[in-house]
Amino acid sequence: MALPQFAPFDASSEVWDTYMERFECFLEANDFTDLSGSKKRAHFLNSCRPEVFATARALFTPTPVHTISWDILQLKLKDHYSPAPSRIARRFKLHQILQDEGESINHYVACLQTAALDCEYRNLDDALVEQLVCGVKDIRLQRLLLAKRNLDLPTAIEEAQAAEMSDRSTADIQKFYPPRGVTSSMVHLQDVVSDEITDDEAEIDRLQASKPRPKEKCWTKKPPPSGCLSCGKQHPRVTCCFRSATCRCCGRLGHIAHACRSLPKPAAVPRPRRSAKEECFSISRNCRISEVTALSRSPSNNKLSMTVNIEGASCQMEVDTGTTYF
């Protein structure tokens, strides 16, 4: 009787460990578990792809591959197709797995368990619980799991599944009810008057745009004129020839100074300046100089001095010539 064929290995869609597990299931399903190692080796080499056979042949050159024991052949091919990465790198990869948006709890737990297979944890369940609690998307579920003291893996999965089903059921029920505070009649009324509300909003915007501007700090307002806003006369502003004129009072465009509604601050009156003679008089106006004597030169320092009679008293004063020598 011809042996059934086993599906060949495809590295693009399957890892080596999974392929070898399927091969063991194939042997068991066909009652080949009692076969010797040489029979299993021969059946495997016959069923694998030509590329796998060529790789096995190259790994054991110059020894013929059909003479290698079944156990050694498995180990050699596993080291080639599925080399074991660093334990630290595998654990780091596990800690980076977070629940995606819309991903179910069952699928997320399965991804964690698959990634933790080769992490070599002493207590695998504790590591899975830690990553499950830290990686779930729902903040409420995360708080619920963190509130439990002695949390094990089955309890964590059960709580997460219950919370997920509760959220889905609530969302399905709320689809048949309008939002809170809104009745069905209000929803229909809103649909009917939607156009009227739009018109009202447009009217409000128009009125707000026509409001006068706030008062400026540097201007005081005059009462609005009764006639044309550009010149003050009694005719429509549309026909006024001063619509594009520039005001000499405020500098704005659209009116003349006669119709200007803004008055500038009164200019500061310049303070009259006193003459040099008056300044000198203000210094000595309380003193009366009655007599001035002739100039005299001091023999010690070669400076000019003069005697001035002020209020009946003689005062010796030095003449400021602007230089030491005279």
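Glu120 counts as partly exposed, because its relative accessibility is 48% and the partly exposed class lies between 20% and 50%. The model shown here is predicted, and this residue is a convenient place to enter it. Glu120 sits in the loop that joins α6 to α7, the helix of residues 124–135. Its phi is positive, at about 60 degrees, although Glu120 is not a glycine. Most residues other than glycine have a negative phi, and most peptide bonds are trans.

The second half of that general statement has its own exception in this chain. The peptide bond that runs from Thr61 to Pro62 is cis, and its omega is near 10 degrees. Pro62 belongs to the loop between α3, which spans 50–59, and α4.

A wider view of the chain comes next. Twelve helices and six strands are found in it. Of its 326 residues, 22% are buried. The accessible surface is about 25000 Å², and carbon and sulfur atoms account for 55% of this area. Among contacts with a separation of 6 or more, 43% are between residues 24 or more positions apart.

Where is there empty space in such a fold? Rolling a probe the size of a water molecule over the atoms shows where empty space is left. In this model, the largest pocket holds about 690 Å³ of space. Its lining is made up of 22 residues, and those nearest the centre of the pocket are Val15, Asp17, Ser82, Thr114 and Asp118. Four helices each give two or more residues to this lining: α1 (16–29), α4 (70–81), α5 (87–95) and α6 (105–115). The largest share, four residues, comes from α1. By type, the lining has twelve nonpolar residues, seven charged ones and three polar ones.

Why does the largest pocket lie between domain 1 and domain 2? Domain 1 covers residues 16–81 and domain 2 covers 87–174; both give residues to the lining, so the pocket lies between them.

Val15, one of the residues nearest the centre of the pocket, is located in the segment before α1. Val15 counts as exposed because its relative accessibility is 52%, and the cut-off for exposed is over 50%. Along the chain Val15 and Tyr81 are 66 residues apart, yet their C-alpha atoms are separated by 7.9 Å.

The last stop is the loop between β1 and β2. Cys247 is placed in this loop. Is Cys247 buried or exposed? Its relative accessible area is 3%, so Cys247 is buried, the limit for that class being under 20%. Beyond its neighbours within four places in sequence, Cys247 is in contact with Arg252, His255, Ile256, Ala257 and Cys260. For one of these partners, Ala257, the C-alpha atom is 5.1 Å from that of Cys247, with their positions ten residues apart in sequence.

Ile256, also among the contacts of Cys247, lies in the loop between β1 (219–221) and β2 (262–264). Which residues does Ile256 touch, not counting those up to four places away in sequence? They are Ser230, Cys231, Phe242, Ala245 and Cys247. Phe242 and Ile256 are 14 residues apart in sequence, and the distance from C-alpha to C-alpha is 6.9 Å.

Conventions
Residues numbered from 1 in each chain as written. Predicted model: local features only at pLDDT ≥ 70, side-chain atom pairs only at ≥ 80, totals over all residues. Heavy atoms only, no water. 1 Å grid on protein atoms, 1.4 Å probe; cavity = no way out; pocket = protein on both sides within 12 Å on 5 of 7 lines; lining within 4 Å. Points joined across faces, edges and corners; volume = space filled by probe spheres on them. Nonpolar A, V, L, I, M, F, W, Y, C, P; charged D, E, K, R; others polar. Domains from an automatic or database assignment. Buried < 20%, exposed > 50% of the residue type's maximum accessible area, 1.4 Å probe, protein only. Contact = heavy atoms within 4.5 Å. Areas by Shrake-Rupley, 256 points an atom, 1.4 Å probe, with all protein chains shown as cover.
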